[in-house]
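Dear colleague,

I am passing on the structure we spoke about, and I would be glad if you could look through it alongside the notes below.

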Amino acid sequence: RLTLELYRNISSGDCVNLSSDNEISVINLIKTISSILNYSGKFEFQTNRVSDVKRHYANIDKLKSIIRNVNFTPFDFALRETIDWYIHEHGNNKAY
């Protein structure tokens, strides 16, 4: 619904962040995905590099200015739905 609403209300070529107002660290994202997939193995970390991304945050002020009443799906629920969809579409071929 959100994508269709934006399509009707922005100019061609205009950019809008589709995100929530919540910041998440990469390690917390990995832990959440691992939990959903029931992965209990170890993580291997590489040496930090200057350009490494440690967290993600998308400013959605523009989105809120275009669509006033945005109802966000809770992150954990949306991530679980996405993973379930992916497994349904592509099988449960685990790479771990």
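The notes that follow take up the aromatic residues, then a loop residue, and then the nonpolar core.

Please keep in mind throughout that this is a predicted model. Two aromatic pairs are present in the structure. In one of them, the ring centres of Tyr39 and Phe43 lie 6.1 Å apart with the planes at 40°, so this pair is classed as tilted. Phe43 also pairs with Phe45, and here the arrangement is edge-to-face, with 6.3 Å from centre to centre and 65° between the planes. Through these ring pairs, Tyr39, Phe43 and Phe45 are linked into a cluster. As for their surroundings, Tyr39 is partly exposed at 28% relative accessibility, and Phe43 is likewise partly exposed with a relative accessible area of 34%, whereas Phe45 reaches 60% and therefore counts as exposed, the cut-off being over 50%.

Asn38 sits in the loop between helix H2 (26–36) and strand S2 (55–56). Its phi is near 55°, which is a positive value in a residue other than glycine, and Asn38 counts as exposed because its relative accessibility is 69%.

Turning to the interior, the largest nonpolar core is made up of six residues, namely Leu6, Val16, Ile60, Leu63, Ile67 and Val70. One of these core residues, Ile60, also touches Asn17, Ser19, Ser20, Asp21 and Phe72, when residues up to four places away in sequence are not counted.

With best regards

Methods: Residues numbered from 1 in each chain as written. Predicted model: local features only at pLDDT ≥ 70, side-chain atom pairs only at ≥ 80, totals over all residues. Heavy atoms only, no water. Core = buried A, V, L, I, M, F, W, Y, C linked by side-chain atoms within 4.5 Å. Buried < 20%, exposed > 50% of the residue type's maximum accessible area, 1.4 Å probe, protein only. Contact = heavy atoms within 4.5 Å. Helix = DSSP H or I, 4+ residues; strand = E, 2+ residues; numbered from the N terminus. Phe/Tyr/Trp six-rings, centres within 6.5 Å; stacked < 30°, edge-to-face > 60°.
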